Amino acid sequence: MSAQLIDGNALAAKLRAHMTTEVARLTALGHRPGLTVLLVGEDPASQVYVRNKVKACEAIGMASSLERHPADMSEAALLARIQELNADPAVHGILVQLPLPKHLNSDLVIETIAPEKDVDGFHVASAGALMVGQPGFKPCTPYGCMKMLEDIGCNPRGKHAVVIGRSNIVGKPMAMLLLQASATVTICHSATPNLAEITRQADILVAAVGRPRFVTADMVKAGAVVLDVGINRTPEGKLCGDVDFDAVRQVAGWITPVPGGVGPMTITMLLQNTLEAAQRKAGA
Ligand code: NDP
């Protein structure tokens with residue numbers, strides 16, 4: 001039997017429709033949520049990502065602005081600009097598109113964003129808040145994965161969740177969110193021996209590896225929920241995930257496609273975080 005599809009586009013549309021109403025309510029109260037996106041340099045993929053983020057804001061009625069800065073912008077100038085945005089009451093969320101040009105220290109740049117405007121959830125204060133269970137912004141991709149689980153009625157409590165990948169933006173926060181939801185969590189990475197043995201125990205399997213079709217059918221337990229975070233290009237230029245979709249869907253209970261799975265949820269949760277930032281600021 002073939003797995004049920006978790007449709008990221010449909011869930012994103014549903015959540016964005018709710019957000020549109022909330023944005024209108026806040027706007028009527030004089031607190032129109034606003035996101036500012038900073039792009040330094042001309043990386044072609046980043047240009048597409050930032051355009052999509054700004055368009056998504058506009059589609060739900062949020063204010064958004066895209067600031068393009070030259071690739072040779074100095075670190076001092078970028079930090080000064082972030083500080084100005086930190087002080088601007090009309091800006092609720094600040095996002096610096098990564099990767100930055102090599103001469104800029106990304107950690108320092110991210111740490112300069114005020115934690116209450118860190119809608120990407122990459123600031124150490126956001127990571128720390130997630131770790132100790134305090135309110136803060138959750139990184140958008142894992143947050144979106146949790147929404148997907150909720151939407152299909154999969155409560156992680158008491159389940160074995162296996163996360164492949166331990167990056168600061170996906171793997172680690174994903175594991176923390178699953179732990180908060182009372183799953184028993186195993187984090188795997190490139191030094192994990194017997195990976196398939198571990199993944200075969202997963203009721204919930206999250207693949208955030210960055211390798212095309214890395215998760216094969218023999219690595220998946222029958223009926224498991226499989227969330228594929230990977231975005232890879234095949235040699236033929238086709239988009240594909242970290243999961244061998246056609247084979248794994250024969251084994252899994254639920255599965256996200258690529259494209260149309262986790263991807264659309266990531267931007268949706270960026271909107272959600274910006275909305276939450278505005279709600280907190282407005283106290284409404
Ligand atoms: P990173 O490269 O930062 O992390 C990849 C992780 O996979 C690392 O922890 C690495 O282990 C682990 N890994 C690599 N090879 C193996 C292996 N053979 N066995 C087990 N683990 C392995 O990537 P990201 O977390 O940033 O992204 C992961 C994927 O998700 C990428 O395809 C990226 O494009 C995609 N992505 C998608 C998003 C979306 O919106 N859908 C958002 C963000 C990312 P180690 O730490 O030991 O090196």
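These exercises work through one helix, a ligand shell and two annotated residues.

This is a predicted model: local features need pLDDT of at least 70, side-chain atom pairs count only at pLDDT 80 or more, and totals for chains, interfaces and linings use all residues. Residues are numbered from 1 along each chain as its sequence is written.

**Exercise 1.** Find what span helix α10 should have, and check it.

*Solution.* Helices are DSSP runs of H or I, at least four residues, numbered from the N terminus. α10 covers residues 262-282, which is 21 residues. The expected span is 1.5 Å times one less than the number of residues. That should give 30 Å, and the end C-alpha atoms are 30 Å apart, so the two agree. Just after α10, G283 has a positive phi of about 65°.

**Exercise 2.** Is α10 mostly covered or mostly open?

*Solution.* A residue is buried if 20 or more other C-beta atoms (placed from the backbone) lie within 10 Å of its own, exposed if 12 or fewer, and partly exposed in between. In α10, 16 of the 21 residues are buried, so by this definition the helix is mostly covered.

**Exercise 3.** Classify R166 and I231 by exposure.

*Solution.* R166 has 17 other C-beta atoms within 10 Å, so R166 is partly exposed. I231 has 18 such neighbours inside 10 Å, so I231 is partly exposed. The UniProt annotation "binding site" (unreviewed entry) covers both, along with G165 and S167. UniProt positions use the numbering here, feature names are shortened, and annotations may be inferred rather than shown by experiment.

Note on methods: Helices (H or I, at least four residues) and strands (E, at least two) are DSSP runs, numbered from the N terminus.
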